[in-house]
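Open the model in your viewer and keep the selection tool handy. We will go from one stop to the next, picking residues as we go.

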Amino acid sequence: MTDLTPTPDRPGLHISKPSPTATATASAVCHCGASATATGDAQVSALMAGWDTAHSSAHTKSTDGGTL
Ligand SMILES: [Zn+2]
């Protein structure tokens, strides 16, 4: 079984929804050290939107010289 859970060494956003009726869960770890989890479709959707704004692609738009 492959563990896709993000870690500081392998940052990212992982979403799990085993079936259409299952509760969605998400976990995210950013290379900046931030992490977050969400449970339920609404919270997962909010996490996805907020994570991309505050982390993820937001860092690539900065000029702080971060390496990805
Ligand atoms: Zn970040």
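Start by selecting A28 and A36: A28 stands opposite A36 in β3. Residues are numbered from 1 along each chain as its sequence is written. This is a predicted model, in which local features need pLDDT of at least 70, side-chain atom pairs count only at pLDDT 80 or more, and totals for chains, interfaces and linings use all residues.

Now widen the selection to β2, residues 25–29, which five bridges join to β3 in an antiparallel arrangement. Strands here are DSSP E runs of at least two residues and helices are H or I runs of at least four, numbered from the N terminus; two strands pair if DSSP finds at least two bridges between them.

Add the remaining strand, and you have an open antiparallel sheet of three strands in the order β1-β2-β3. Its edge strands are β1 (12–16) and β3 (35–39), each pairing on one side only. From one strand to the next, the twist averages 10 degrees.

Next, select helix α1, residues 41–54, which packs on the sheet and touches β1, β2 and β3. Its direction makes about 155 degrees with that of β3 (axes are lines fitted to C-alpha atoms, for helices over the stretch in contact, and angles run from 0 to 180 degrees between N-to-C directions). Contact means that C-beta atoms, placed from the backbone, lie within 7 Å.

Which residues of α1 are buried? Pick V44, L47 and W51. Buried means 20 or more other C-beta atoms within 10 Å of a residue's own, exposed means 12 or fewer, and partly exposed lies in between, with C-beta atoms placed from the backbone. Look down the axis of α1: its buried residues fall within an arc of 55 degrees, so they line one face of the helix (the arc is that of the directions from the helix axis to the C-beta atoms). Those buried residues pack against β1, β2 and β3. Turn to the face away from the buried side, and you will find the exposed residues A42, A49 and T53.

Return to A28 and show its neighbours: leaving out residues up to four places away in sequence, A28 touches P6, L13, S35, A36, L47 and W51.

For the last selection, take A26, A28, V29, A38, V44, L47 and W51, the seven residues of the largest nonpolar core. Such a core is a set of buried Ala, Val, Leu, Ile, Met, Phe, Trp, Tyr and Cys residues joined through C-beta atoms within 7 Å. The elements giving two or more residues to this core are β2 and α1.

Key:
Contact = placed C-beta atoms within 7 Å.
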